[in-house]
Amino acid sequence: MEEKRRVVVGISGASGTPLALHLLRVLADMPDIEVHLVTTSGAKLTAEYESPVPFSDIVALADVYHENDGIGDSIASGTFKTAGMVIVPCSMKTVAGIASGYSDNLLLRAADVCVKEKRPLVLACRETPLSPIHLRNLESLSLLPNVYIVPPMLTYYIQPKSIEEMEHHIVAKLLGPLGIEVPGFRRWGEEQD
C-alpha cells in the first residue's frame, strides 16, 4: 500500500477562516493526503466571527489535530516527513515569528522545520495595508527558495461567478507548491466548464 503524503496546515489569527475551511475540505477529499492541523488561539477567536461552521467542524476535517502548545508533537521534528506546510490565513505576527526564527509555539516550530529542511512553506498572508515592517519580514522570507508568499488575491480571468469559485482558485494556488493538483483548477487560457 502506498504511503499517504503528509501535509501540515496551520491556521493563524488573521482574517480568512473560510479560506482555511475550503482548503481543508479540498484536502479531505484526497485519499492520498494525511492532514496535520495546528491552529493558534487567534485563529479560534477569528473563526467565531468568520466561520459558517463551528470550530470543531474545522478541526474534524484534519486527520490529526495538534494543540499549539504541543511543542513536542510529531510536526515539530524534521525527521517527521511531510510534503510541506500551508499557513492559511497567515498573520503578520506569524510572518514575523517565522522570519526571525522565533519558534515559541507548534505552528511556528512546524514552519521553522519546513525552512530548515527546505520543504515547501506556503504563506497565505493577510494584511492591508502592509507596513514597512511587514514588507521587510516578507522580503526576508521571499529570499528563501522553499518559501512561497501567496496572498489570497482575486483572479478575474477565470470570470468567477461566486466567492466559492474565487476561494477554490486561491486554494489551488496555495497547494500547487506542494505538488498537489486540485480538481477544477483553471489555468490561464483554459476553457470554462
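This briefing walks through two helix packings, a pocket and a cavity. The model is predicted. Helix α4 is a good place to begin, with a partner in α5 and another in α6. After that come the largest pocket, with a volume of about 280 Å³, and the largest cavity, with about 50 Å³.

**Helix α4 against α5**

- Helix α4 spans residues 92–100 and helix α5 spans residues 106–117; their axes come within 9 Å and cross at roughly 45°.
- The two helices are therefore oblique to each other, since angles from 35 up to 65 degrees fall outside the parallel and perpendicular classes.
- The crossing of α4 past α5 is right-handed.
- On the α4 side, Thr94, Gly97 and Ile98 make the contact, and on the α5 side the partners are Leu107, Leu108, Ala111 and Val115.
- This contact holds 5 nonpolar and 2 polar residues, with no charged ones.

**Helix α4 against α6**

- Helix α6 covers residues 132–142, and α4 packs on α6 at an angle of about 50°, with the axes 9 Å apart.
- That angle makes α4 oblique to α6.
- Here α4 passes α6 in a left-handed crossing.
- From α4 come Met92, Val95, Ala96, Ile98 and Ala99, which meet His134, Asn137, Leu138, Ser140 and Leu141 of α6.
- By class, the contact has 7 nonpolar and 3 polar residues, and no charged residues.
- Ile98 is worth finding in the viewer: this α4 residue takes part in the contact with α5 and also in the contact with α6.

**The largest pocket**

- The volume of the largest pocket is about 280 Å³.
- Its lining includes Ser15, Gly16, Pro18, Leu19, Glu50 and Arg126, along with Pro152, Leu154, Ile163, Met166, Glu167 and Ile170.
- Two elements, α1 (17–28) and α7 (163–175), each give two or more residues to this lining.
- Helix α7 provides the largest share of the pocket lining, 4 residues.
- The pocket lining divides into 7 nonpolar, 2 polar and 3 charged residues.

**The largest cavity**

- The count comes to 1 cavity of 30 Å³ or more.
- The largest cavity has a volume of about 50 Å³.
- Lining the largest cavity are Val8, Ile75, Ser77, Phe80, Thr82, Ala110, Val113, Cys114 and Arg119.
- Helix α5, met above as a partner of α4, gives the largest share of the cavity lining, 3 residues.
- Sorted by class, the cavity lining has 6 nonpolar, 2 polar and 1 charged residue.

Technical notes. Residues numbered from 1 in each chain as written. Predicted model: local features only at pLDDT ≥ 70, side-chain atom pairs only at ≥ 80, totals over all residues. Heavy atoms only, no water. Axes fitted to C-alpha atoms, helices over the stretch in contact; angles between N-to-C directions. Parallel < 35°, antiparallel > 145°, perpendicular 65-115°, else oblique. Left-handed = near helix turned anticlockwise from the far one by under 90°. Contact = heavy atoms within 4.5 Å. Nonpolar A, V, L, I, M, F, W, Y, C, P; charged D, E, K, R; others polar. 1 Å grid on protein atoms, 1.4 Å probe; cavity = no way out; pocket = protein on both sides within 12 Å on 5 of 7 lines; lining within 4 Å. Points joined across faces, edges and corners; volume = space filled by probe spheres on them.
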